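Morning, everyone. I have one structure to show today, and I will keep it short. Here it is.

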Amino acid sequence: MFVNKLSLQHYRNYDALNLDSFGDVNLILGRNAQGKTNLLEALLVLALTKSHRTSKDRELISFGQDHAAVSAEVEKKYGTVQVELRFSNQGKKAKLNGLEQRKLSEFVGALNAVMFAPEDLEIVKGTPGVRRRFLDMEIGQVQPSYLFHLQQYQKVLVQRNNLLKQAWGKEAELAVMLEIWNEQLVEHGVKIIKKRKQFIKKLQKWAEQIHDGITGGSEKLELSYLPSFGEAETEDEAVLLEQFMIKLSQMKDQEIRRGMTLAGPHRDDITFYINGNEAQTYGSQGQQRTTALSLKLAEIELINEEIGEYPILLLDDVLSELDPYRQTQLIETFQSKVQTFITATGIESINESRLQNASIFHVQEGQVQR
């Protein structure tokens, strides 16, 4: 997978931008707050239809404008595809080769991207919500049906929570309606949980191998899914459905008192173990950083395994955060294999001798020059 061209219109601090002549490795250099990260974000937005930095699409539109557009020409193993996203007050519109897509889930996957940024350390040491978002973003890229079930689950969850807030003292009156929401919640919830468990198994295979290489065999990395009900290993949908229903029945009174749904994939988590010890609690910052790096490198291999070609790699001001050894490990992983876009404040923060024939772009106040 290779991005040949990128165009932005009224996107963040870019009024109009057309870039081409990308190479296998692309260095995007400039001082802070000039727009380097905005370029990487635009590529990720084309992959996911959403930003990793904000949930408000309005923030992607330049001040004073009523819309923003991002498009790219992407070379894939079966040919070249033109991908385009347009943001306005009316919502998002996605096009593939000029044809508008009825659903965003039909657009996701046209461009695959893995981003690694300093805040990705939060995947290891942050809140469960950060880890669930990590799962949702990555699984959604390679399995569009996952996004459908996730969207439906979230809609049902909102409706069920609204009902629970009204249910105190009216349990008998609202029992039938609650059963209807339970069935829909469980229907989509078990699909999400099953796909997450399968994804983590595959990610474990690659992450363990990569982590072993980075640490010279001194550390063993393990991933474990922590469901809010049932056993972590179970993938049988019929079993999951029964377990979910039982859990909802057990927690009914507590949920009514609190006015919220207390079980389901929106409450699940992942735990990382290094040599049997929880990395979140007992890992050093170096171990946590290596775990995050191993996960990101594992994503690259997993996506290639799933779709038959490598995604693009976006490194946002991350090389300067790594010690020389980890920096070398990362560079050797993507060199001559994955098209990579790297932001940095200066060339001196990067082990440039390890980068072969990198294309260099300079960014200043929303302007880009070669």
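I will go through the domains, the interface, the cores and then the salt bridges.

A word on the source: this is a predicted model.

Domains to begin with. The protein chain splits into domain 1, residues 1-112 + 310-369, and domain 2, residues 117-308. Their C-alpha centres are 27 Å apart.

Now the interface. How is its size given? A common choice is the accessible area lost when the parts come together. Here, about 2200 Å² is buried between domain 1 and domain 2. Carbon and sulfur atoms give 63% of that area. On the domain 1 side, the residues losing the most area to domain 2 are Asn112, Tyr310 and Arg326. Together they make up 24% of what that side buries. In residue terms, 27 residues of domain 1 contact 22 residues of domain 2.

What about polar pairs? Across the interface, 5 residue pairs are in polar contact, both partners at pLDDT 80 or more. Which elements of domain 1 supply this side? α1 (36-48), β12 (312-316) and α10 (324-334) each give at least two of the residues touching domain 2. The largest share comes from α10, with 5 residues.

The count of salt bridges between the two domains is 1. Look at Lys337 and Glu301. They form a salt bridge, with the closest N and O atoms 2.8 Å apart. Glu301 sits in helix α9, residues 285-307. Is Glu301 buried or exposed? Its relative accessible area is 10%, so Glu301 is buried. Beyond its neighbours within four places in sequence, Glu301 contacts Trp206, Ile210, Tyr310 and Lys337. Note Tyr310 in that list; Tyr310 also appeared among the residues losing the most area to domain 2.

Next, the nonpolar cores. The largest one has 67 residues. Phe272, Leu315, Leu330 and Phe334 touch the most other members. Helix α5, residues 171-214, gives the most to this core: 15 residues. Both domains take part, with at least three residues drawn from each of domain 1 and domain 2.

Zoom in on Phe272. Leaving aside neighbours within four places in sequence, its contacts include Ile123, Val124, Leu221, Leu223 and Leu295. Polar and charged names are on the list too, among them Arg131, Glu222 and Gln280. Apart from the largest core lies another, of 43 residues, including Met1, Ala68, Val83 and Leu96.

Last topic: salt bridges overall. The whole structure has 16. Glu41 and Arg53 make one of them, at 2.9 Å from N to O. Glu41 is in helix α1, Arg53 is in the loop between α1 and β4 (67-76), and the two are 12 residues apart. Glu41 counts as buried, at 0% relative accessibility. Arg53 is partly exposed, at 39%. Arg12 joins them: Arg12, Glu41 and Arg53 are linked in a network of salt bridges.

Two further pairs. Asp57 bridges to Lys92, with the closest N and O atoms 3.5 Å apart. Asp57 is in the loop between α1 and β4 and Lys92 is in strand β6, so this pair ties together parts 35 residues apart in sequence. Both are partly exposed, Asp57 at 22% and Lys92 at 27%.

Then Glu235 and Lys201, at 3.1 Å between the closest N and O atoms. Glu235 lies in the loop between β9 and α6 and Lys201 in helix α5, so parts 34 residues apart are tied together. Lys201 is exposed, with a relative accessible area of 53%.

That is my tour. Over to you.

Note on methods. Residues are numbered from 1 along each chain as its sequence is written. This is a predicted model: local features need pLDDT of at least 70, side-chain atom pairs count only at pLDDT 80 or more; totals for chains, interfaces and linings use all residues. Side-chain values use heavy atoms; hydrogens and water are left out. A nonpolar core is a set of buried Ala, Val, Leu, Ile, Met, Phe, Trp, Tyr and Cys residues joined through side-chain atoms within 4.5 Å. Buried means under 20% relative accessible area, exposed over 50%, partly exposed in between (1.4 Å probe, protein chains only). Helices (H or I, at least four residues) and strands (E, at least two) are DSSP runs, numbered from the N terminus. Domain bounds come from an automatic or database domain assignment. Contact means heavy atoms within 4.5 Å. Buried area is the accessible area (1.4 Å probe) that two parts lose on being put together, summed over both. A salt bridge is a side-chain nitrogen of Lys or Arg within 4 Å of a carboxyl oxygen of Asp or Glu. A polar contact is a pair of N or O atoms within 3.5 Å; within protein, one must be able to donate a hydrogen and the other to accept it, and residues adjacent in sequence count only if both atoms are side-chain atoms.
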